[in-house]
Amino acid sequence: GGVYYMISRSLGPEFGGSIGLMFTIANSIAVSTYVIGFVESLQDMLFDYFDVTMIDGGVNDIRAVGTGVLIALMALAIVGMDWVTRV
């Protein structure tokens, strides 16, 4: 829907498909940077306010907690789509 729908209808399926692929890749990269930023700020906040180190205080914290956040986001997206298609 939205911008992709208008572009694919006005430019045709060839251009619409390629632009839709670029939107998908751009959204994937955006989500990965959002998750990294969230985990880094969470790591700093936990260390500054509570003196808590997640795993080793390094890159493995970002990887482990980021994986958990991505799984939670995926579960939220799946449950959301289930509720939408139920109606």
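Helices H2 and H3 each supply at least two residues of the nonpolar patch, where helices are DSSP runs of H or I with at least four residues, numbered from the N terminus. H3 gives the most to this patch, with three residues. The model is a predicted one, in which local features need pLDDT of at least 70 and side-chain atom pairs count only at pLDDT 80 or more, while totals for chains, interfaces and linings use all residues. Residues are numbered from 1 along each chain as its sequence is written, and side-chain values use heavy atoms, with hydrogens and water left out.

The nonpolar surface patch is made by Val 31, Tyr 34, Leu 70, Leu 73 and Leu 76 and covers about 510 Å². Patches are built from residues with over 30% relative accessible area and no salt bridge; nonpolar side chains (Val, Leu, Ile, Met, Phe, Trp, Tyr) are joined within 5 Å, and like charges within 9 Å. A salt bridge here is a side-chain nitrogen of Lys or Arg within 4 Å of a carboxyl oxygen of Asp or Glu. Accessible areas come from the Shrake-Rupley method with a 1.4 Å probe, and for residues only the protein chains shown count as cover.

Val 31 belongs to helix H2. Because its relative accessible area is 36%, Val 31 is partly exposed; the class lies between buried, under 20%, and exposed, over 50%. Its partner in the patch, Leu 70, is 39 residues away in sequence, yet the two C-alpha atoms are 8.9 Å apart in space. Leu 73 sits in helix H3 and is likewise partly exposed, because its relative accessible area is 40%.

A second surface feature is one of charge. Glu 40, Asp 44, Asp 48 and Asp 51 gather in a patch of negative charge. For this purpose Lys and Arg count as positive and Asp and Glu as negative, with His and the chain ends not counted; the place of a charge is taken as NZ of Lys, CZ of Arg, CG of Asp or CD of Glu. Glu 40 is found in helix H2 and, at 37% relative accessibility, counts as partly exposed. Asp 44 also lies in H2, and its relative accessible area of 47% makes this residue partly exposed. Asp 51, by contrast, is placed in the loop between H2 and H3. At 63% relative accessibility, Asp 51 counts as exposed. The backbone at Asp 51 is worth a look too, with a positive phi of about 50° although the residue is not a glycine.

From the negative patch, the path leads across to H3. The C-alpha atoms of Glu 40 and Asp 61 are separated by 8.6 Å, with their positions 21 residues apart along the chain. Asp 61 lies in helix H3 and is buried without a salt bridge; Arg 63, the nearest side chain of opposite charge, is 10 Å away. The side chain of Asp 61 does make a polar contact of 3.1 Å with that of Gln 43. A polar contact is a pair of N or O atoms within 3.5 Å; within protein, one must be able to donate a hydrogen and the other to accept it, and residues adjacent in sequence count only if both atoms are side-chain atoms.

Another aspartate, Asp 56, occupies the loop between helix H2 (13-50) and helix H3 (59-86). Asp 56 counts as partly exposed because its relative accessibility is 44%. Its side chain is joined to that of Asn 60 by a polar contact of 3.2 Å. Seen from Asp 56, the C-alpha atom of Arg 86 is 43 Å away, at a spacing of 30 residues along the chain.

Toward the start of the chain, Tyr 5 is located in helix H1 (residues 3-11). With 42% relative accessibility, Tyr 5 counts as partly exposed. Tyr 5 and Gly 20 are 15 residues apart in sequence, and their C-alpha atoms are 9.1 Å apart in space.

Methods. Buried < 20%, exposed > 50% of the residue type's maximum accessible area, 1.4 Å probe, protein only.
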